[in-house]
Amino acid sequence: MSAATTRSRTPDRLCAEAVDLARAAAEEAAAPGVVGEHAGMIAEGDRVVTHFFECKELGYRGWRWAATVARASRAKIVTLDEVVLLPGPDALLAPEWVPWSERLRPGDMGPGDLLPTDADDLRLEPGYSGGEEPPVNSPVSEEMAELADAEDAEVTPGAPAAQPVTPARGTIAAVAEELGMRRARVLSRYGLHVAADRWDEAFGAKTPMAQAAPASCASCGFLVPMGGSLGQAFGVCANEFSPADGRVVSLSYGCGGHSEAAVMPKPPQPAPPVIDETRVDPFPLRPAADSGSVPAVGDEETAELGHS
């Protein structure tokens, strides 16, 4: 260890005693009454010392006012370098800043929001648009890139379905559009796998609903098939009483709303009444004496009970 390093770790005596100078500088930079007690000091180098004072301002718990003083070589006057507000070891700090592209979550977009994709997005790969240059409204076009970089950018007016320009009939672009290929970029293999993992996690075989289901969606009549390679493992649920109605579900998913889970039985139909017209049942006009629930009692028996 060199002598210079040893000297830098030992606070200068005059700079260490300049607590009043450091406090006055901190009170001048801060609001009145927010500079607290002296909280220690640290040697920043040869004849350079930083004094710390507690911060009493609301919302800055654990922060400290740091006033750095210094002294020139062979000088007896201590001067002020700077005053700043620094967080202490137990200071309340804001969370680390995260770019907006990493903070974005599904469902955060609203009407009018613009979400540009990177040119090297792993979820996309170049498609066939029928021309050398991408369409005007393509996310990889220069016009769209300028709109994405501008603040409060306005997208080309009109509905999304009216944005693409119809190619001339008979051109390669027209044939590509008929085949569904006229797109600047399409889903890459990585994009397909990411989407499949996300859908399978939400509505797949490992969910509690699928574990308790009587059968899988592969045999359900409410399943709407999908086209492309994803149709081999996924479909769209069309049962309005299912928790996955309108969602992309795995063929191994299932719920209690399966079309063949339980067929509702028909309500029993009562037999028609049978009327026998060959005989007559007599019905007395007055009930018999012994037809009631209380037996008839004579006067002699009631006399013993004290009745008059």
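What follows is a conversation about reading strands, sheets and side-chain contacts in a predicted model.

Reader: Let's start with the sheets. What is the strand order in the open sheet of four strands, and how is it paired?

Author: The general idea is that strands of a sheet pair through backbone hydrogen bonds, either parallel or antiparallel. Here the four strands come in the order E1-E2-E3-E4, and the pairing is antiparallel. At the edges sit strand E1 (35-45) and E4, each of which pairs on one side only. Ignoring direction, neighbouring strands of this sheet are turned by 25 degrees against each other on average.

Reader: How many bridges join E1 to E2? And how many join E2 to E3?

Author: Six bridges join E1 to E2, with Val 35 finding its bridge partner in Cys 55 of E2. From strand E2 (residues 48-55) to E3 there are seven bridges, and these two strands run antiparallel. If you want a register marker, find Glu 54, which stands opposite Arg 64 in E3.

Reader: What about E3 and E4, and which residue in their hairpin takes a positive phi?

Author: E3 and strand E4 (residues 78-87) pair over nine bridges in the antiparallel sense. One register marker is Ala 70, whose bridge partner in E4 is Thr 79. The hairpin has six residues between the strands, and Arg 74 is the one with a positive phi, near 65 degrees.

Reader: Is strand E3 largely enclosed or open, and why?

Author: Count the buried residues, using under 20% relative accessible area as the cut-off. In strand E3 (residues 63-71), eight of the nine residues are buried, so the strand is largely enclosed by the rest of the structure. Keep in mind that in a regular strand the side chains alternate between the two faces of the sheet. As for what lies across this sheet, helix H3 (residues 19-29) lies across E1, E2, E3 and E4, running at about 115 degrees to E1.

Reader: Let me zoom in on Arg 71 in strand E3. Is Arg 71 buried or exposed?

Author: Buried, with a relative accessible area of 16%.

Reader: Which polar partners does its side chain have?

Author: A polar contact of 2.7 Å joins the side chains of Arg 71 and Asp 12. On top of that, a polar atom of the Arg 71 side chain lies 2.5 Å from the backbone oxygen of Ala 75. Leaving out residues up to four places away in sequence, Arg 71 touches several residues, including Leu 14, Cys 15, Arg 47 and Lys 76.

Reader: How does Met 41 in strand E1 look? Buried or partly exposed?

Author: Met 41 is partly exposed, at a relative accessible area of 39%. Once residues up to four places away in sequence are set aside, Met 41 touches Ala 16, Val 49, Thr 50, His 51 and Phe 52. Its C-alpha lies 10.0 Å from that of Cys 15, with the two positions 26 residues apart in sequence terms.

Reader: On to the rings. How many aromatic pairs are there?

Author: A pair of aromatic rings is described by the distance of the centres and the angle of the planes. This structure holds three such pairs. Take Tyr 60 and Trp 63: their ring centres are 5.4 Å apart and the planes meet at 85 degrees, so the pair is edge-to-face. Tyr 60 is partly exposed, with a relative accessible area of 32%, while Trp 63 is buried at 17%. Phe 203 and Tyr 253 have ring centres 5.5 Å apart and planes at 90 degrees, so that pair is edge-to-face as well.

Reader: Where do Phe 203 and Tyr 253 lie?

Author: Phe 203 is in the loop between helix H7 (189-202) and helix H8 (208-211), and Tyr 253 is in the loop between strand E9 (248-250) and helix H9 (299-303), so the pair ties together parts that are 50 residues apart in sequence. Phe 203 and Tyr 253 are buried.

Reader: Which residue lies over the face of Phe 52?

Author: That's Arg 64, at 4.0 Å from the ring centre.

Reader: And what is the order of the open sheet of three strands?

Author: E7-E8-E9, with antiparallel pairing. Its edge strands are strand E7 (223-225) and E9, each pairing on one side only. The twist averages 50 degrees from one strand to the next. Strand E8 (residues 234-237) and E9 pair over three bridges in the antiparallel sense, and Val 236 has Val 248 as its bridge partner in E9.

Key:
Residues are numbered from 1 along each chain as its sequence is written. This is a predicted model: local features need pLDDT of at least 70, side-chain atom pairs count only at pLDDT 80 or more; totals for chains, interfaces and linings use all residues. Side-chain values use heavy atoms; hydrogens and water are left out. Rings of Phe, Tyr and Trp (its six-membered ring) pair if their centres lie within 6.5 Å; planes under 30 degrees apart count as stacked, over 60 as edge-to-face and the rest as tilted. Buried means under 20% relative accessible area, exposed over 50%, partly exposed in between (1.4 Å probe, protein chains only). A charge sits over a ring if NZ of Lys or CZ of Arg is within 6 Å of the ring centre and within 35 degrees of the ring normal. Two strands pair if DSSP finds at least two bridges between them. Axes are lines fitted to C-alpha atoms, for helices over the stretch in contact, and angles run from 0 to 180 degrees between N-to-C directions. Contact means heavy atoms within 4.5 Å. A polar contact is a pair of N or O atoms within 3.5 Å; within protein, one must be able to donate a hydrogen and the other to accept it, and residues adjacent in sequence count only if both atoms are side-chain atoms.
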